[in-house]
Amino acid sequence: MSIQELPAQELHPAPGADRSGEAAHADARDAEGLSVWPRSARPEPHGDVSVGGVSLAEAADRFGTPVYVLDEQEVRERCRTYRTAFPDADIVYAAKAFLCRAMAHWVQEEGLGLDVCSAGELALAVTTGFPPEKIVMHGNAKSPEDLRTALRLGVGRIVVDSTSEIARLAAITPAGTRQPVMVRVVPGIAAGGHAKVRTGTDDQKFGLSLTDGSAQHAVTRILDQPHLELVGLHCHIGSQVAAVKPYVAAVRRMVGLLARIRDQHGIALPQLNIGGGHAIAYRPGEEHLNVSVLAGRVRAELEDGCARAGLPVPRLTLEPGRAIVGPAGVAVYRVLAVKRTAGRTFVAVDGGMSDNPRPALYGVRYAPRLIGRPSSAPPRLVTVVGRHCEAGDILADEVALPGDVRPGDLLAVPAAGAYHLSMASGYNLVGRPPVVAVSDGIARVLVRRESLDDMSRRDVGL
């Protein structure tokens, strides 16, 4: 049995693994450049860093590189932060950020629901034991298999994204049943960290427009379907949104639509889902969304708006994904080559765009760190690149690393828990990295490394 297949392993607890005194340690973490790392991250002797009481250098040696290290307690604490900030709301974890059986188990234990976008995500969750009634099914182009699986397994809510989906879903809903649905509304609000992740405006593929009447038309059509039960409205304005104001504006417009539905159809919808997209910091000094401030402002706007409109306050749902798992993950790579050419220094590692396509897709900037050995060399601006056959395979452009970085060194990239493995590909057939959970000095494999045999078995023809 390979090391990656071992169900659980205890690595030597690193010095300083005690999780007490977190508040007193915060300033030291900032000074050490660990502000965007999991809260359990500790600088260790000999240039190492521990997460969850586990040495990252030792984890790299035992599990190989690239490797994703995921702090279980960080995930759980972030779930609790949302539950505390929104005690009367449904918090639904967005599985697209990262999903495996353990992750589904953690969020269920912390009292969260789950938001899935495919039959595959749904089946994995339900076979893990996740209650289907606490699952929301999303997608702008749900396949017939997606819808059939959602109905067969009994998901709690399906978010309708187009008028054609209404008839398709109604036609396959079993007789004598009513499937709860929501309408995804485009509120006409531009928000998000990149043009490719702004979903609140009419010029993108998601949802039904508030401004042109498409959302109201969809509501009317759903109410005409005896097998569909309209339980509320949904909107998602974008991703990496650091400001509270766009969410407040979205709530205001959605309350306005709820009032018009009441006036036109005589019903007060009981649920309002305002999506997720909450920003995290990828580098020290970057902004992130303050969940407590969001809760206060959204609750005030919802209650005041409903009071003005004479509406009962609907039950709120939020769908954080990245904000729960993103800061809990660290990706660790090994340096394969250092090349100085045309006035630039390239540091090539054993991963790249196959395990993190986000810099190429969205221009995301990370803050890699040399770990595993001390260095007193002055910092040098370098470009950390991957191993793949693309000039755009860049993990971190023009970042400061010690000037003596050399092959064999380890680089750790924080804020790597979301949209890494979930967006990983089979490019160049290098195999996707494993995910190793760490907590209290214990490391265990959640998702094993993809092997050449795994990839070969899919190739069935000559």
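Select Ala259 first. With a relative accessibility of 12%, Ala259 counts as buried, because the cut-off for buried is under 20%. The model on screen is a predicted one. Ala259 is part of helix H9. Leaving out neighbours within four places in sequence, show what Ala259 is in contact with: Ala309 and Leu311. Now add Arg308, which is 49 residues from Ala259 along the chain. The C-alpha atoms of Ala259 and Arg308 are separated by 9.9 Å.

**Whole chain**

Zoom out to the protein chain. How many helices and strands does the protein chain have? There are 13 helices and 22 strands. The chain has 462 residues, and 54% of them count as buried. Among contacts with a separation of 6 or more, 69% are between residues 24 or more positions apart.

**The cores**

Select Phe86, Tyr93, Met103 and Leu233. These are the residues with the most contacts inside the largest nonpolar core, which has 109 residues. Which helix gives the largest share of this core? Helix H9, residues 245-265, supplies eleven residues, the largest share.

Stay with Leu233 and display its contacts, again setting aside neighbours within four places in sequence. They include Met182, Val183, Val185 and Val219. Leu233 is also in contact with Met254, Leu257, Leu258 and Ile261. Leu269, Gln271, Leu272 and Asn273 are on the list as well.

Another core lies apart from the largest one and has 24 residues. To find this second core, select Leu56, Ala59, Val332 and Ala412, which are among its members.

**H8 against H9**

Return to H9 and add helix H8, residues 214-223. Two packed helices are described by the angle between their axes and the distance between the axes. For H8 and H9 the angle is about 45° and the axes are 11 Å apart. That angle makes H8 oblique to H9. The crossing of this pair is right-handed. On the H8 side, select Ala215, Gln216, Val219, Thr220 and Leu223; on the H9 side, select Leu257, Arg260, Ile261, Gln264 and His265. Together they make the contact. Sorted by class, the contact of H8 with H9 has five nonpolar, four polar and one charged residues. Val219 of H8 and Leu257 and Ile261 of H9 take part in this contact, and Leu233 is in contact with Val219, Leu257 and Ile261.

**H3 against H4**

Next select helix H3, residues 72-85, and H4. Their axes come within 9 Å and cross at roughly 40°. H3 and H4 are therefore oblique to each other, and their crossing is right-handed. Glu72, Val75, Arg76 and Cys79 of H3 meet Met103, Trp106, Val107 and Glu109 of H4. By class, the residues of this contact are five nonpolar, no polar and three charged.

Keep H4, residues 101-109, on screen. Which residues of H4 are buried? They are Ala102, Met103, Ala104, Trp106 and Val107. Met103 is also one of the residues with the most contacts inside the largest nonpolar core. Step just past H4 to Gly111, where phi is positive, about 85°.

**H5 against H6**

Now select helix H5, residues 119-128, and helix H6, residues 144-153. H5 and H6 pack at an angle of about 25°, and their axes are 9 Å apart. That makes H5 roughly parallel to H6. Is their crossing left-handed or right-handed? The crossing of H5 and H6 is left-handed. Ala119, Leu122 and Val126 of H5 meet Glu145, Asp146, Thr149, Ala150 and Leu153 of H6. Five nonpolar, one polar and two charged residues make up the contact of H5 with H6.

**Three stops in loops**

Go to Pro66, in the loop between helix H2 (56-63) and strand E5 (67-71). The peptide bond from Thr65 to Pro66 is cis, and omega is near -10°.

Next, move to Asn428, in the loop between strand E20 (410-414) and strand E21 (435-439). Phi of Asn428 is near 60°, a positive value in a residue that is not glycine. With 37% relative accessibility, Asn428 counts as partly exposed.

The last stop is Asp440, in the loop between E21 and strand E22 (442-447). Asp440 is not a glycine, yet its phi is positive at about 50°. Is Asp440 buried or exposed? At 58% relative accessibility, Asp440 counts as exposed.

Methods
Residues numbered from 1 in each chain as written. Predicted model: local features only at pLDDT ≥ 70, side-chain atom pairs only at ≥ 80, totals over all residues. Heavy atoms only, no water. Axes fitted to C-alpha atoms, helices over the stretch in contact; angles between N-to-C directions. Helix = DSSP H or I, 4+ residues; strand = E, 2+ residues; numbered from the N terminus. Parallel < 35°, antiparallel > 145°, perpendicular 65-115°, else oblique. Left-handed = near helix turned anticlockwise from the far one by under 90°. Contact = heavy atoms within 4.5 Å. Nonpolar A, V, L, I, M, F, W, Y, C, P; charged D, E, K, R; others polar. Core = buried A, V, L, I, M, F, W, Y, C linked by side-chain atoms within 4.5 Å. Buried < 20%, exposed > 50% of the residue type's maximum accessible area, 1.4 Å probe, protein only.
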